[in-house]
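Open your viewer and get ready to click along. We will go from stop to stop, selecting a few residues each time.

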Amino acid sequence: MPMKIGNERFGERVEKGINNSFMRGAVAGAQDNIGARRLNAIEELGNWEEWRSHGEEIRQHVLEHLDYYLEQLSDNVAKRGGNVFFAETAEEANEYIKEVVQSKNAQKVVKSKSMVTEEINLNASLEEVGCQVIETDLGEYILQVDDHDPPSHIVAPALHKNKEQVRDVFTKKLGYKKSADPTELAWHAREMLRQDYLTADVGITGCNFAVAETGSFALVTNEGNADLVTSLPKTQITVMGMERLVPTFEELEVLVSMLTRSAVGQKLPSYVTVLTGPREELDVDGPEDFHLVIVDNGRSKILGTEFQSVLQCIRCAACVNACPVYRHVGGHSYGSIYSGPIGAVLSPLLGGYEDYKELPYASTLCGACSEVCPVKIPLHELLHKHRQVIVEKEGKAPVSEKLLMKAFGLGAASPTLYKWGSKIAPTAMNPFTSEDKITKGPGPLKAWTEVRDFPAPNKERFRDWFKNREKGGGTSWPEPSKTEKHF
Amino acid sequence: MKVTLFATCLVDMFQSDVGKATVELLERLGCEIDFPQTQVCCGQPAYNSGYVKESKDAMKKMIGTFEHAEYIVCPSGSCAYMFHEYQHVFKGDPIWEPKAKKLAAKTYELTQFIIEVLKVENVGACLEGKATYHTSCHMTRLLGVQKAPMTLLSKVKGLEFVELPGKEQCCGFGGTFSVKMAQISEQMVDEKVRHVEETDAEYVIGADAGCLMNIGGRINRQGKPIKVMHIAEILNSR
Ligand code: SF4
């Protein structure tokens, strides 16, 4: 799955999302549930805001010294006998991984969940050379079995499917004959996967955090699948986004704790798997051959820009779970494997404005995302920055809007023009007004009045009332409790 | 105490009753109100849409207009926040940044002003009925005013208060978002109205004209018997 999903226009995707009532129910339920659990989990810490500042500090420090820590990490991985490859592009990463896999004559690869391998479209590239790739995270497995349905959430990729839909997929594709009970479904997947773990030649993982000081990698899962992916196959390849680093285990501990609390409201996940290089003499398991692929794919271009803070992200999806827009349109509407607020900020940076120019506008700038982000990324401000870039540098805003805003600039800045405009408004709006409200507006008001009434402009503006009153001629007004509605 | 009113364009043009209630309420609390006629729009619609350059002239005009004020009070959390945002817009500008900082330091949202500056909790209002309150996003999250409206409402005689389910969720206004992303905005405001209905309240109260126009517009369109009121009107009921 490349980063971009589907070729439909933004409006069409949104329409589909809005009409998918099951998905919306599932998303709203998940948001409410996880949201409440997250609140409990962070309250336990007592001083969440301090934790957030600390988390932000750690991530900012790493970004400021990224060269240093990447080098330290590479050295330490090499010291332990691992191979390090730095891929500037998705193609370079895929080529390298393909070479490793082919050099082992590998027929079967098992994978644990990884967004960066989705981003570079690794599975397709391995399948091209005749390799069977099997996702072992349950959510990813379901999507893969369902003809590569794209993920709709960065932590819970199959959030848009219910258990009945999963049962149907399993029945059709895997000859499953049991009920839609989640335990039975999970058991079935487990049985299928067990064989794959045992027969796979290569295990591929993502990376939640790499620890520079020791050359270790931490994988955070609730299913334990990463343990099997990393202990059974003879060869292991870990793919990481170039920014996913911490200096030492001390920072790892802080960030893992924040990650799980923010992502699912858990104190600790079921498994934190930490690996350091290939198997050593006294180890009982682990790969014989270890490869680390560090992926840039557009990230270094973000460094040093006004968007740098987006690289602080630890992919917890708290922003996704808090987003009122995501709530109603779902993940596929974003047209990117990265959805929700983080997706709306990151996708245009990694994939360009052409494909993602609507995303920065798919927000009310309500700030719910920035409020929950454990590493204090000012997401709504970054969305606003994108809008500014689209208008000023990319020239991608509609002409009609540009004219309107020019006129706004003139009108709003000039008291005379403003006063004149607001004074003639009631007359100008007269043809559209009935009973003090506008039910079918012209121009930009049309979209508003398709679903809502718009108030008719006051006959006497507030400023005129005030002026009259100052002169001693002020009107009195009815008691508010008896006032008719003005909204 | 001398208060300079920043009424906002929505109140000026569409909701003059809110402006009137604000004036009367503040006068009753002992303030002397001044309304500079040169005030225009704060620039938020253009600014939020990414037209930063286009909005700067309006911002400068507003800074000039309110330069003499001792306290600036605004009956809208979002617009009051915009005054606080100016300092970031003019960051690094040797003339306008200091001016914008001064402006921010003396700008208050109405309920914030009553609690923090006037130090009044009971304004002597009285209104019979069941009410719920919509916490608008900019006021709560960006301006950081959370408790003031609740404290003031809790002292209104006769008012029975019910908390709004999903109160932290945006109502879907978002300025130009409401027309640019109308499909999504509709779903958001619909859920908000459903939540209001669940409370069985007669009044839905807010402190932000934009949100109220959005929620009220949808309630009116659906013909629901719920009154949408600005908190200034509630606090001014006697
Ligand atoms: S942007 Fe912040 S809240 Fe969103 S996924 Fe990244 S770390 Fe989590």
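At many stops you will meet the word buried, which means under 20% relative accessible area, while exposed means over 50% and partly exposed lies in between (1.4 Å probe, protein chains only). What you see is a predicted model, where local features need pLDDT of at least 70, side-chain atom pairs count only at pLDDT 80 or more, and totals for chains, interfaces and linings use all residues. Residues are numbered from 1 along each chain as its sequence is written, chains are lettered from A and ligands numbered from 1 in the order in which they are written, and side-chain values use heavy atoms, with hydrogens and water left out.

**Stop 1: aromatic rings**

Select Tyr176(A), which is buried with a relative accessible area of 3%. Now add Phe170(A), buried at 0% relative accessibility. Rings of Phe, Tyr and Trp (its six-membered ring) pair if their centres lie within 6.5 Å; planes under 30 degrees apart count as stacked, over 60 as edge-to-face and the rest as tilted. The ring centres of Phe170(A) and Tyr176(A) are 6.0 Å apart and their planes stand at 80°, so this pair is edge-to-face.

For a tilted pair, move to chain B and pick Phe83(B) and Tyr86(B), with 5.3 Å from centre to centre and 50° between the planes. Both sit in helix α5 (residues 77-89) of chain B, three residues apart, about one turn of the helix. Helices (H or I, at least four residues) and strands (E, at least two) are DSSP runs, numbered from the N terminus. Phe83(B) and Tyr86(B) are both buried.

Next, select Phe462(A), Trp465(A), Phe466(A) and Phe35(B) together: they form one aromatic cluster. How many aromatic pairs does the whole structure hold over all chains? A search finds 20.

**Stop 2: salt bridges**

Side chains of opposite charge can pair when their charged atoms come close. A salt bridge is a side-chain nitrogen of Lys or Arg within 4 Å of a carboxyl oxygen of Asp or Glu, and over all chains there are 35 of them.

Try Glu95(A) with Lys98(A), whose closest N and O atoms are 3.3 Å apart. These two are three residues apart in helix α5 (residues 90-103) of chain A, about one helical turn. Glu95(A) is partly exposed at 41% relative accessible area, whereas Lys98(A) is buried at 11%.

Then choose Asp289(A) and Lys104(A), bridged with closest N and O atoms 2.6 Å apart. Asp289(A) lies in strand β10 (residues 289-295) of chain A and Lys104(A) in the loop between α5 and β2 (108-111) of chain A, so the pair ties together parts that are 185 residues apart in sequence. Here Asp289(A) is buried at 16% and Lys104(A) partly exposed at 34%.

**Stop 3: around the ligand**

Which residues come nearest to the ligand? Of the 14 around the ligand, they are Cys313(A), Cys316(A), Ala317(A), Cys319(A) and Cys373(A). A residue is near a molecule if one of its heavy atoms lies within 4 Å of it.

**Stop 4: a helix and its end**

Finish at helix α19 (residues 379-394) of chain A, where the buried residues include Leu379(A), His380(A), Leu382(A) and Arg387(A). Just after α19(A), click on Gly395(A), which takes a positive phi of about 60°.
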